[in-house]
Amino acid sequence: MAVADPLTRKERRAVQLAGAALTAALGNDWQRASAMLQRISTECGGEGMQRALLSLCDTVIHHAGITPGQPVRIMFQQADGDGRITGADEVQRRESVWAGRLLAARAADDEDTWSALIEALPRDGYAIGQHVIALLEMCTLMIARYLKRGA
């Protein structure tokens, strides 16, 4: 007996495009990565974009070896400069803080925090895009680090 796919057609498409965006970003092709994210928005709407965000987070969680549902603590490491580790209060780019919190909510399987963070997104399409790009950048940096370590 075949098991029904729990994802809608738009959600499946969003996951495919999110994978293409991540692959492009890992290859340092940010123009293509941005184009894939735009396609998610255009072709799949908000439902698809949220599925894409879940997919990106789940990919990092898998590479990090995190068991979903466990409490997590987020810290931020500067990608340039001295690589210092800081808390969220010291991060200047608020979109990066949002992305870190979204990733932590998914890792902790905290649906209430996830939903609150999605609801807290600005209503402006450009600003939403900046938040989504921040998550993609964070995921890319983390996965690249795990791949470099052989994880």
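Which helix is Gly 45 found in? Select Gly 45 and you land in helix α2; helices here are DSSP runs of H or I with at least four residues, strands are E runs of at least two, and both are numbered from the N terminus. Before going on, note that this is a predicted model, where local features need pLDDT of at least 70, side-chain atom pairs count only at pLDDT 80 or more, and totals for chains, interfaces and linings use all residues. Residues are numbered from 1 along each chain as its sequence is written, and side-chain values use heavy atoms, with hydrogens and water left out.

**Stop one: around α2**

Stay on Gly 45, which is partly exposed at a relative accessible area of 27%. The cut-offs are under 20% relative accessible area for buried, over 50% for exposed and partly exposed in between, using a 1.4 Å probe and protein chains only. Now add Ala 116 and draw a line between the two C-alpha atoms: Gly 45 and Ala 116 are separated by 19 Å, and lie 71 residues apart along the chain.

Next, pick Arg 32, also placed in helix α2. Arg 32 is partly exposed, with a relative accessible area of 41%. From its C-alpha to that of Arg 145 you should get 21 Å, for a pair 113 residues apart along the chain.

**Stop two: the core**

Select Ile 40, Leu 53, Trp 98, Leu 102, Trp 114, Leu 135 and Leu 136. Of the 42 residues in the largest nonpolar core, these touch the most other members. A nonpolar core is a set of buried Ala, Val, Leu, Ile, Met, Phe, Trp, Tyr and Cys residues joined through side-chain atoms within 4.5 Å. Colour α1 (9–26), α2 (30–64), α3 (94–107), α4 (111–119) and α5 (125–149) to see the elements that give two or more residues to this core. The largest share, 13 residues, comes from α2.

Zoom in on Trp 114. Beyond its neighbours within four places in sequence, Trp 114 is in contact (heavy atoms within 4.5 Å) with Gln 50, Leu 53, Leu 54, Cys 57, Leu 102, Ala 105 and Arg 106.

**Stop three: α2 against α3**

Show just these two helices. α2 and α3 pack at an angle of about 70°, and their axes are 9 Å apart; axes are lines fitted to C-alpha atoms, for helices over the stretch in contact, and angles run from 0 to 180 degrees between N-to-C directions. That angle makes α2 roughly perpendicular to α3, a label covering 65 to 115 degrees, with under 35 roughly parallel, over 145 roughly antiparallel and the rest oblique.

For the side chains, select Leu 53, Leu 54, Cys 57, Asp 58, Val 60 and Ile 61 in α2, which meet Trp 98, Leu 102, Leu 103, Arg 106 and Ala 107 in α3.

**Stop four: the cysteines**

How many disulfides does the structure hold? Zero, where a disulfide is a pair of cysteine sulfur atoms within 2.5 Å. Click Cys 44: the nearest cysteine sulfur, in Cys 57, is 17 Å away. Cys 44 counts as buried at 3% relative accessibility.

Jump to Cys 57, buried at 0% relative accessibility. The closest cysteine sulfur to that of Cys 57 is in Cys 139, and at 5.4 Å it is too far for a bond.

**Stop five: loops**

Go to the loop between α1 and α2 and select Asn 28. Its phi is near 65°, a positive value in a residue other than glycine. Asn 28 is exposed, with a relative accessible area of 59%.

Then try the loop between α3 and α4, the place of Asp 109. Phi of Asp 109 is near 55°, again positive in a residue other than glycine. Asp 109 is partly exposed, at 45% relative accessible area.

Finish at Val 91, in the loop between β2 (85–86) and α3. Is Val 91 buried or exposed? Val 91 counts as buried, at 14% relative accessibility. The C-alpha atoms of Val 91 and Gln 77 are separated by 9.1 Å, with the two residues 14 apart along the chain.
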